[in-house]
Every structure is written in structure tokens, then in C-alpha cells.
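Student: I would like to take a close look at one part of this model, and to have it placed in its surroundings step by step.

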Amino acid sequence: MPKYRNSLNVDPDDKDPAISRRSFLALMGVGACLIGATGVFNASFLGFLYPNAMKIPPSVFSIGRPDEVLSREGKVFSPLQKVYIETQAGKVRVQTAVCTHLGCTVNMVSTGYACPCHGSTYDQHGRNTGGPAPLPLVYFLVSLGASGELLVDKNKTTLDWNAAWFSVMT
Ligand code: FES
């Protein structure tokens, strides 16, 4: 039973209380806990200053110079932007690879696309044909940027697979 009812167990009337080794270590432990808690708080506060939105890729992005893009005939998956880039006779179009069910990345299969997560299927144009996917895969509009690179704008979409082609030659 402590003699005095305070955390250091010292006489409150004593002008120069001696702190016991045990009390000193207890104080150090409390101090370390406070420093740790402050560090955790600061780390979570920094998360507010740098929100996830800063890690999201921009909605307008380059897929490269026209000659580079057109040199890859066929459909190519771009993992960074999660799109399929398709080229054909001087034209290019870009389609999302994000499943319209819960956002998994769809794989290209012989019949079109298939989602590995819950089994949604899409035809070669991205129309949803089976599984829980409620919507088709959209195409993003492609344009030639001032820098001479092909730009894809994820804010401009179409379901018209013919209108989605961008002719690089014109
Ligand atoms: S996320 Fe593709 S089927 Fe569920």
C-alpha cells in the first residue's frame, strides 16, 4: 500500500522529494507511451494531408506516340491504366479492362472478355453476356495531344465500338 496517494508516492509537502528508481522508470514508461501515441496520431493525420486521390492515375493519360502505338498490331493490355489498346490499319481504340460488377480486371478470352472474380463474361465488343456484370465495358475517346502523343480521356466514353476508333492518319 503506497504511503502517499499520488502517482510518484512522495510526500507532497516535501520541498525536495526524492524520486525512487521505480517511480522514475514508471514515469519513463508513461512518457514513452505518450510519445508512441503522438507518433500514431501524427501518422494518421498525415494520411489526411495526402489522401488516396493523389495516388489515383490521372483521367487523361498518354499511350505513346502514334508510330509506337501503331507498331503494335492487335489488342494489348496496359496494366497501369487497366485498358486494352487495340490497333488496326492506322486506327486505335481503347477499352476499359475494369469489370462493371465490382471492378476486377477482365482477361481477354477467345469469346471476348472474362472476369476472374465472379465469372462475368463480355463479348468481343465488351457487351456483358453473362454473370453479375450489369453494364458493358466502355471505350474511352482517343485524341492527338499537342505534344504529338495519343491521349486517352477516361471521362469521355462511348459504347459505339465503331465510333471509338481514332484514325491516326487523318
Ligand atoms: S468483379 Fe467481375 S464479375 Fe465480379
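Leaving aside its neighbours within four places in sequence, which residues is Val-94 in contact with?

Tutor: The model is a predicted one, and in it Val-94, once its neighbours within four places in sequence are left aside, is in contact with Ile-63, Val-83, Ile-85, Tyr-139, Phe-140, Val-142 and Val-152. Val-94 also belongs to the largest nonpolar core, a set of 21 residues, where it is listed with Val-83, Ile-85, Val-92, Val-106, Phe-140 and Val-142 as having the most contacts inside that core. The strands β3, β4 (91–96), β9 and β10 (150–158) each supply at least two residues of this core.

To place these strands, it helps to step back to the whole chain. The protein comes to two helices and 11 strands, and from the N terminus on its elements run α-β-α-β-β-β-β-β-β-β-β-β-β. Buried residues make up 16% of the 170 residues, and among contacts between residues at least 6 apart in sequence, 35% join residues at least 24 apart.

One of the core strands, β3 (residues 83–88), runs antiparallel to β2 (residues 74–78), and five bridges join the two. Within this pairing Phe-77 stands opposite Tyr-84 of β3, while the hairpin that β2 and β3 form has four residues between the strands, with Lys-82 taking a positive phi near 55°.

On the side of β9, the loop between β8 and β9 (139–144) holds Val-138. Val-138 counts as partly exposed because it has 18 C-beta neighbours inside 10 Å, where 20 or more would be needed for a residue to be buried. Residues up to four places away in sequence not being counted, Val-138 touches Thr-96, Thr-157, Thr-158 and Leu-159. Val-138 and Trp-161, which are 23 residues apart in sequence, lie 8.7 Å apart in space, C-alpha to C-alpha.

The strand β8 leads to a further part of the picture, an open sheet in which four strands take the order β5-β6-β7-β8 with antiparallel pairing. Its edge strands are β5 (107–109) and β8 (128–130), each of which pairs on one side only. Inside the sheet, two bridges join β6 (residues 112–114) to β7 (residues 121–122), these strands running antiparallel, and Ala-114 has Thr-121 in β7 as its bridge partner.

Definitions and conventions:
Residues are numbered from 1 along each chain as its sequence is written. This is a predicted model: local features need pLDDT of at least 70, side-chain atom pairs count only at pLDDT 80 or more; totals for chains, interfaces and linings use all residues. Two strands pair if DSSP finds at least two bridges between them. A residue is buried if 20 or more other C-beta atoms lie within 10 Å of its own, exposed if 12 or fewer, and partly exposed in between; C-beta atoms are placed from the backbone. Two residues are in contact if their C-beta atoms, placed from the backbone, lie within 7 Å. A nonpolar core is a set of buried Ala, Val, Leu, Ile, Met, Phe, Trp, Tyr and Cys residues joined through C-beta atoms within 7 Å.
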